[in-house]
Amino acid sequence: MQSIVHKIRLLDIGHAQAFENWVLETDYATCPELPSVRSFDVHRVSSAHDAPFHYIELIKVSSDAAFQRDMASASFARLVEGFSTMAEVVEEVAGTQLGAGYQAPA
């Protein structure tokens with residue numbers, strides 16, 4: 001499984017609530033339309049105006065090739081369009097997960 005981490009900086013920190021609403025209502029809701037996406041989470045890191053980044057997103061995909069196919073879809077294009085009006089990715093790190101990882105029992 002491929003993991004992707006994006007550091008995200010808002011274009012205007014004053015629009016943080018609008019960005020968070022968009023993540024909760026649009027970004028998360030679109031994930032089922034992207035078959036390669038296995039998990040997706042956005043985390044608030046800082047609300048400081050001068051922070052190097054304000055959020056991180058953690059994406060787990062079945063494979064890089066499958067995610068590339070999803071990135072060519074109309075659903076993904078709509079996400080990029082909405083995202084780019086509010087924020088920018090300032091750094092991306094990607095890697096391959098080692099083993100199954102750990103999850104605490106429910």
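## Salt bridges

Which side chain does Glu91 meet in a salt bridge? The partner is Lys7, with N to O at 3.2 Å. Keep in mind that this is a predicted model. Glu91 belongs to strand S4 (residues 87-96) and Lys7 to strand S1 (residues 2-10), so their contact ties together parts that sit 84 residues apart in sequence. As for solvent, Glu91 is partly exposed at 37% relative accessibility, and Lys7 is partly exposed too, at 27%.

The count of salt bridges comes to three. Another one joins Arg44 and Glu20, whose closest N and O atoms are 2.7 Å apart. Here a strand meets a helix: Arg44 is in S2 (residues 37-44) and Glu20 is in H1 (residues 16-30), so the pair links parts 24 residues apart in sequence. The two ends of this bridge sit in contrasting surroundings. Arg44 is exposed, with a relative accessible area of 57%, whereas Glu20 has 16% and is buried. Buried means under 20% here, so Glu20 falls on that side of the cut-off.

Then there's Glu33 with Arg78, where the closest N and O atoms are 3.5 Å apart. Glu33 lies in the loop between H1 and S2, while Arg78 is in helix H3 (residues 74-84), so this bridge ties together parts that are 45 residues apart in sequence. Glu33 counts as partly exposed, at 44% relative accessibility.

## Aromatic pairs

On to the rings: the structure holds six aromatic pairs. One of them is Phe19 with Phe83, an edge-to-face pair with 6.2 Å centre to centre and 65° between the planes. Phe19 comes from helix H1 and Phe83 from helix H3, so the pair connects parts 64 residues apart in sequence. Both Phe19 and Phe83 are buried.

Phe83 also pairs with Trp22, and this time the arrangement is tilted: the centres are 6.4 Å apart and the planes make an angle of 50°. Again the link runs between H1, which holds Trp22, and H3, which holds Phe83, so parts 61 residues apart in sequence are tied together. Trp22 is buried at 13% relative accessible area, and Phe83 is buried at 15%. Add Tyr55 and you have the whole group: Phe19, Trp22, Tyr55 and Phe83 form one aromatic cluster.

## A look at helix H1

H1 turns up in both sections above, with Glu20 in a salt bridge and Phe19 and Trp22 in the aromatic cluster. What about its length? At 1.5 Å a residue, its 15 residues should span 21 Å, and the end C-alpha atoms are 20 Å apart, which agrees. The helix isn't straight, though: H1 bends by about 40° at Val23.

Which H1 residues are buried? They are Ala16, Phe19, Glu20, Trp22, Val23, Asp27 and Thr30. Some of the spacing in that list fits a simple bit of helix geometry. An α-helix has 3.6 residues a turn, so residues three or four places apart point the same way. Val23, where the bend is, is among the buried residues. As for what covers the buried residues of H1, the list includes S1, S2, strand S3 (55-61), H3 and S4. Two of those elements are already familiar: S2 holds Arg44, the salt-bridge partner of Glu20, and H3 holds Phe83, which pairs with Phe19.

Definitions and conventions: Residues numbered from 1 in each chain as written. Predicted model: local features only at pLDDT ≥ 70, side-chain atom pairs only at ≥ 80, totals over all residues. Heavy atoms only, no water. Salt bridge = Lys/Arg side-chain N within 4 Å of Asp/Glu carboxyl O. Helix = DSSP H or I, 4+ residues; strand = E, 2+ residues; numbered from the N terminus. Buried < 20%, exposed > 50% of the residue type's maximum accessible area, 1.4 Å probe, protein only. Phe/Tyr/Trp six-rings, centres within 6.5 Å; stacked < 30°, edge-to-face > 60°. Expected span 1.5 Å × (residues − 1). Bend = angle between axes of the 7 residues up to and from the residue. Contact = heavy atoms within 4.5 Å.
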